[in-house]
Amino acid sequence: MKIPELHNYLAEFLSPAINPLKLEKGANKDYYLWLDWTEAAALYPKLAEDGFGLIGLFGVEGFRGYQGLSLLYIFEKRNYSGTLVIIRRADSPVSSIAAIFPSACYFEREIRDGYGCEFENAFDRRRLFLHETYPANFHPLANSFKNQPLSLPAGVEDEALYPFKKISGEGVYEVGVGPVHAGIIEPGHFRFSAIGEPILNLEVRLFYTHRGLEKLAMGKDIDFGLKIAEGISGDESAANTYAYSSAVEHICSSRPPRRAEQLRLILLEMERLYSHLADLSGMLTDVGYPVGAASLSALREELMRWNKRLTGSRFLKGIIAPGGLLKDIPGELITELADYLYAFEGRFSEQVEKALAKTSVVDRFETTGIVNNRLLIPLNITGVTARASGEAIDTRLNQPYGFYPELSFKLPVLPEGDVMARFRVRLSEVQTSLGLILKTAAKLSAGEYAIPLKPVNGYSLVLVESPRGQSLHWLWLRDGKIERYKVRTASYCNWQAIEHAVLGDIIPDFPLINKSLNLSYAGTDL
């Protein structure tokens, strides 16, 4: 099915209030519209009413000749190919749009921390990635700030502590979990308010290990930028290096060889496979079915070993790069992989059937951790979570890229929105990934696996479907160096879903709900 172009829709949607000729095309399918605040304020409600979702918002200094701070608001209309980027200068008071687009809340708090830009009428003015010990008036993304060691105070006053939302009433109590956990996982704090057993409120606080990757990228060459993309989230290396590489390629008006695009797709789907196997196994672990969990973990381990054979890295690092691949993958090895996956499919299906035959598994999965469909667009929830809540969205189909337009597949969509729905969607997606790999392997082209690229000036926005959902990469190159590299992973938005999914459930179900959403801490700590 051909996806209609957003540009054609925008031309009619904007007229006559805003001249469509003001739309400027970026290097990809990103369309830029410079507006003053009055024009933008009038347009935002219309965009929301028409079904547009805010999928990104970030700051850039020195963009298009303006030396101050510009804000880039990125909108997507589902089932249209392309994105709308509204740009406005922050040279006058900036009003919050979180009341219209709730996903803006995190974005605005991030910009306030990074640049010191205040948003009028914002309903949440708390810090986001700068925790209490960071000094006042410290805004590390501003060009005026140079990377250097910080002298941080040993402690903070009580009044400076993070003000969690308080739920009051007879019998209400709080339970704090984290940020340090019993398992070997990254830090995150979960503040529950409950009465009896049901959860009344959950507030998630993340960003405990913010790494400053966006600041680190500034002024670096594209090879260094590739290493940054690779380290954003370890189990999304293929998706993030693909997005970064695609952005560079779009800016350079180049396209990798067909063989490279085919091999990239195989690697992207191998990443999806081992990620889903980890989640499926983890969900079975959390409901006390270790036999099934161990069987799926064993299959995942086999996939990881295949990753090592294909690329030299269990996590698919050191392979995808601007222009194609850093090295070729022999056709005989791809044929051997296909033979393995044919056998893998039967073994996987057998283990899943056994798991779903256990009433103890089904009872814990069904009706637990429901994510309501009405939250998906306002919070920009994507990936398995969205498809398990009735929304047929997948960047591979809605915003097709790479070799995906040459392949067709059915999107698994379920309406229930609970843990069971997310489990079943993942089962279907494993089958889909297997099919995509096998189809691609059967028609693998000969020829080159990379082309040389010479960096040029420009900027590009790229969307990819990582195993967790839609990730956004915006890259601006100038004089062969990275001027700005902004990444918004799927986890960044999807973390907000868990605060709604647990309501009415009990605290012991939280680990299961959390695992069913499979969110990355590192994916927020950029």
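1. Helix H16 is largely enclosed by the rest of the structure, because six of its eight residues are buried. The buried residues of this helix are Phe510, Leu512, Ile513, Asn514, Ser516 and Leu517. The model is a predicted one, and every remark below should be read with that in view.

2. Ser516, which has its place in helix H16 (residues 510–517), counts as buried because its relative accessibility is 0%, where the cut-off for burial is under 20% relative accessible area. If residues up to four places away in sequence are left out of the count, Ser516 touches Met283, Val419, Arg422 and Arg426. Just after H16, Asn518 takes a positive phi of about 50°.

3. Ala239 belongs to another helix, H6, which covers residues 237–251. With a relative accessible area of 3%, Ala239 is buried, and its contacts, not counting residues up to four places away in sequence, are with Leu268, Glu271, Val464 and Ser466. As a distance check for anyone loading the coordinates, the C-alpha atoms of Ala239 and Arg364 are separated by 32 Å, while the two residues are 125 apart along the chain.

4. On internal space, a search of the whole structure finds five cavities of 30 Å³ or more. The largest cavity has a volume of about 90 Å³, and about 70 Å³ of space lies in the second largest.

5. Which residues line the largest cavity? They are Ser96, Ala98, Cys105, Glu108, Arg109, Arg112, Glu118, Phe119, Ala122, Phe123, Asp124 and Arg125. Helix H3 (residues 104–115) supplies the largest share of this lining, with four residues. By class, the lining of the largest cavity has six charged, five nonpolar and one polar residue, a composition that a colleague assigning protonation states may wish to have at hand.

6. The second largest cavity is lined by Glu76, Arg78, Thr382, Gly383, Ile393, Asp394, Thr395, Asn398, Gln399, Glu465 and Gln470. By class, six of these lining residues are polar, four are charged and one is nonpolar.

7. Turning to the chain as a whole, the protein chain holds 16 helices and 15 strands. A compact globule of 526 residues would have a radius of gyration near 24 Å, and the protein chain has 23 Å, so the value agrees with that expectation. Taken along the principal axes, the C-alpha atoms fill a box of roughly 65 × 60 × 50 Å.

8. Burial and contacts can be set beside these overall dimensions. Of the 526 residues of the protein chain, 56% count as buried. Among contacts between residues at least 6 apart in sequence, 69% join residues at least 24 apart. The protein chain exposes about 20,900 Å², of which carbon and sulfur atoms supply 53%.

9. Is Ser516, in the end, buried or exposed? Ser516 is buried, at 0% relative accessibility, and the helix that holds Ser516 has six buried residues out of eight. Ala239, in helix H6, is likewise to be read as buried, with its relative accessible area of 3%.

Notes:
Residues numbered from 1 in each chain as written. Predicted model: local features only at pLDDT ≥ 70, side-chain atom pairs only at ≥ 80, totals over all residues. Heavy atoms only, no water. 1 Å grid on protein atoms, 1.4 Å probe; cavity = no way out; pocket = protein on both sides within 12 Å on 5 of 7 lines; lining within 4 Å. Points joined across faces, edges and corners; volume = space filled by probe spheres on them. Helix = DSSP H or I, 4+ residues; strand = E, 2+ residues; numbered from the N terminus. Nonpolar A, V, L, I, M, F, W, Y, C, P; charged D, E, K, R; others polar. Buried < 20%, exposed > 50% of the residue type's maximum accessible area, 1.4 Å probe, protein only. Contact = heavy atoms within 4.5 Å. Rg over C-alpha atoms; globule rule 2.2 N^0.38 Å. Areas by Shrake-Rupley, 256 points an atom, 1.4 Å probe, with all protein chains shown as cover.
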